[in-house]
Amino acid sequence: MSRERARRRAEREAELARGRAARQRRVSRRQRRRALVRRLTPRIRWGRSGRLARHTRGERAAIVLLTGAALILLWTFVDDLALRVALIVLLLLALPAIVVIALDRRT
């Protein structure tokens with residue numbers, strides 16, 4: 001009787017060992033695949049990047065609000081349509097220079 005139990009226990013342990021080995025192969029294969037995908041995919045920088053990254057959110061809001069206010073003032077106080085359009089185009093062309101002069105932090 002005890003030999004039979006020992007044989008069944010050995011079979012169960014062998015089956016568990018085979019299951020563990022198969023599971024370990026799957027896990028290592030998945031880890032290798034993930035490492036390969038991680039190596040091949042480009043890194044995405046989630047932070048701010050580009051020209052607008054130089055300014056804080058408040059500075060960007062100020063740029064937009066002041067530009068909008070200038071556009072409204074131009075539209076309100078200038079009567080001639082051609083002059084309005086010319087001044088708005090001039091404002092939009094000069095805006096990057098104004099922003100650099102007013103907010104640039106180069107030292």
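This briefing covers the fold, the salt bridges, a surface patch and a pocket of one chain.

The model is predicted, so local features are taken only at pLDDT of at least 70 and side-chain atom pairs only at pLDDT 80 or more, while totals for chains, interfaces and linings use all residues. Residues are numbered from 1 along each chain as its sequence is written, and side-chain values use heavy atoms, with hydrogens and water left out. The chain has three helices and zero strands, and from the N terminus on its elements run α-α-α. Helices (H or I, at least four residues) and strands (E, at least two) are DSSP runs, numbered from the N terminus.

**Exposure of the chain**

- Of the 107 residues of the chain, 8% count as buried.
- Buried means under 20% relative accessible area, exposed means over 50%, and partly exposed lies in between (1.4 Å probe, protein chains only).
- About 9800 Å² of the chain is exposed, and carbon and sulfur atoms supply 62% of that area.
- Accessible areas come from the Shrake-Rupley method with a 1.4 Å probe; for residues, only the protein chains shown count as cover.

**Salt bridges in helix α1**

- The count comes to three salt bridges, each being a side-chain nitrogen of Lys or Arg within 4 Å of a carboxyl oxygen of Asp or Glu.
- E4 is bridged to R7, with the closest N and O atoms 2.2 Å apart.
- E4 and R7 are three residues apart in helix α1 (residues 2-40), which means that about one helical turn separates them.
- R7 also meets E11 in a salt bridge (2.6 Å, N to O); E11 and R7 lie four residues apart in helix α1, about one turn of the helix.
- The third pair is R18 with E15, again a salt bridge (2.6 Å, N to O), and these two residues are three apart in helix α1, about one helical turn.
- Shared partners join the salt bridges of E4, R7 and E11 into one network.
- Partly exposed residues in these bridges include E4 at 33% relative accessible area, R7 at 42%, E11 at 44% and E15 at 47%.

**Nonpolar surface patch**

- W75, L81, V85, V89 and L93 form a nonpolar patch on the surface, with about 510 Å² of accessible area together.
- Patches are made of residues with over 30% relative accessible area and no salt bridge; like charges are joined within 9 Å, and nonpolar side chains (Val, Leu, Ile, Met, Phe, Trp, Tyr) within 5 Å.
- Helix α3 (residues 81-103) gives the most to the patch, with four residues.
- W75 lies in helix α2 (residues 57-77) and is partly exposed, with a relative accessible area of 44%.
- The C-alpha atoms of W75 and I88 are separated by 8.6 Å, although the two residues are 13 apart along the chain.

**Second largest pocket**

- The second largest pocket holds about 180 Å³ of space.
- Its lining is made up of E59, A62, I63, L66, T67, A70, L91, L95, I98, V99, A102 and L103.
- The elements that give two or more residues to this lining are α2 and α3.
- By class, the lining has ten nonpolar, one polar and one charged residues.
- A pocket, on a 1 Å grid over the protein atoms alone, is an open set of points with protein on both sides within 12 Å along at least five of seven lines, and lining residues have an atom within 4 Å of a point.

Methods:
1 Å grid on protein atoms, 1.4 Å probe; cavity = no way out; pocket = protein on both sides within 12 Å on 5 of 7 lines; lining within 4 Å. Points joined across faces, edges and corners; volume = space filled by probe spheres on them. Nonpolar A, V, L, I, M, F, W, Y, C, P; charged D, E, K, R; others polar.
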